[in-house]
Amino acid sequence: MYIQQIENQIYRIAIPIPFPMKYVYCYLFKDEDGWAVVDTGFNYSEAIKVWEMVFSKLSIKTTSIHSIYLTHYHPDHSGLAGWMQTQTGAHVYMSETDYQSFHRAFGESKLMAEGFANACVEHGMPRDLAEKVERQFVRMGDHVLPLPEFTILEDNRVRLSGEDWDVIPTPGHSDGMICFYQPKKQLFLAADHVLDKITPNIGLWPYSRQNPLEDYLQSLEKISSLEVKMALPAHGKVINDLSARIKEITLHHEERLNDMFQLTKDGKTAYETAVEVFKDRELNSHQWRFALAETLAHLEYLHQCGRLIKSKDKMIQYHANQFVNA
Ligand SMILES: [Zn+2]
């Protein structure tokens, strides 16, 4: 059940993750020199067990894995890259932008966790919750060890299962995320850019690009012109109608932007807004991190297109720009 053959030389592998999405789907590509892997999973024992089972089922000698590509730096994708590199000696490729984000998130300084906790407080989150969010963020770093030695992916084309695939930068879910596209086969490796059921989290993070939702919507637009027979995402089911899914996700963000605009009209912090938006769900500190980052991404989008004004007293508040029509 963990292995699905997509084509002769292409496999989709379900690697368990300890999050509600249950699996990250990694991809294996066979060629005359051996194997390439796209994404690796989160480093915990369940995931390692499944990889070992997959290697044995497909008769893959670990030393025949020559390349590991990471679509982005998040730990459910990058977490086992170091482990796999130790087993295989393969190069681990990632975009330069996400290489930098990876080190800010999981390097020794834990810059991103600290910066995010400070931003949470500035945006109205109670300090004790912000501290929990920070501790939980720091703990994530345990699941990407050992840190791999990265090679920056500079090419705009890679060879996978003996064919050329275009590397398509799709900033949004992370600043440096990349997808892969094979025009003859019309296969699109969608990473976390387009998912089947849930909408990918678009969050504003410290030290990152300042309007990630705008980046994301542009990245959706960018891929909407591709001829795609099958999109292979990193979570959830295979997508057969990519353009329909792109339309649904775009609509979701338009609705959410309108909701957030209505909520903040008379002035609210991002935290107060998130409390309203997510009021039907009990959030733990891990989920609060994404809830606040996502709320901020939408509020910043509205701010940067002039619909909301930002003011700072003790905390940062957003409210309607009275000179712009709602
Ligand atoms: Zn993911």
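**View 1. The buried residues of helix α5 (residues 111–122)****.** In this predicted model, Met-112, Ala-113, Phe-116, Ala-117 and Cys-120 are the buried residues of α5. Buried means that 20 or more other C-beta atoms, placed from the backbone, lie within 10 Å of the residue's own. Helices are DSSP runs of H or I with at least four residues, strands are runs of E with at least two, and both are numbered from the N terminus. Residues are numbered from 1 along each chain as its sequence is written. Local features need pLDDT of at least 70 and side-chain atom pairs count only at pLDDT 80 or more, while totals for chains, interfaces and linings use all residues of the predicted model.

**View 2. The surroundings and end of α5.** The cover over the buried residues of α5 includes α4 (96–106), α6 (127–140) and α10 (285–304). Gly-124, which follows α5, has a positive phi near 100°.

**View 3. The hairpin of β10 and β11.** Strand β10 (residues 178–182) pairs with β11 in the antiparallel sense over three bridges; pairing requires at least two DSSP bridges between the strands. Phe-180 is opposite Leu-189 in β11. Four residues separate the two strands of the hairpin, and Gln-186 in the turn has a positive phi of about 55°.

**View 4. The two faces of strand β11 (residues 187–191)****.** Leu-187, Leu-189 and Ala-191 are buried on one side, and Phe-188 and Ala-190 are buried on the other. Five of the five residues are buried, so β11 is largely enclosed by the rest of the structure.

**View 5. The pairing of β11 with β12.** Strand β12 (residues 230–233) and β11 pair in the parallel sense over four bridges. Met-230 in β12 is the bridge partner of Leu-187.

How values were computed:
The expected span of a helix is 1.5 Å times one less than its number of residues. A residue is buried if 20 or more other C-beta atoms lie within 10 Å of its own, exposed if 12 or fewer, and partly exposed in between; C-beta atoms are placed from the backbone. Two residues are in contact if their C-beta atoms, placed from the backbone, lie within 7 Å.
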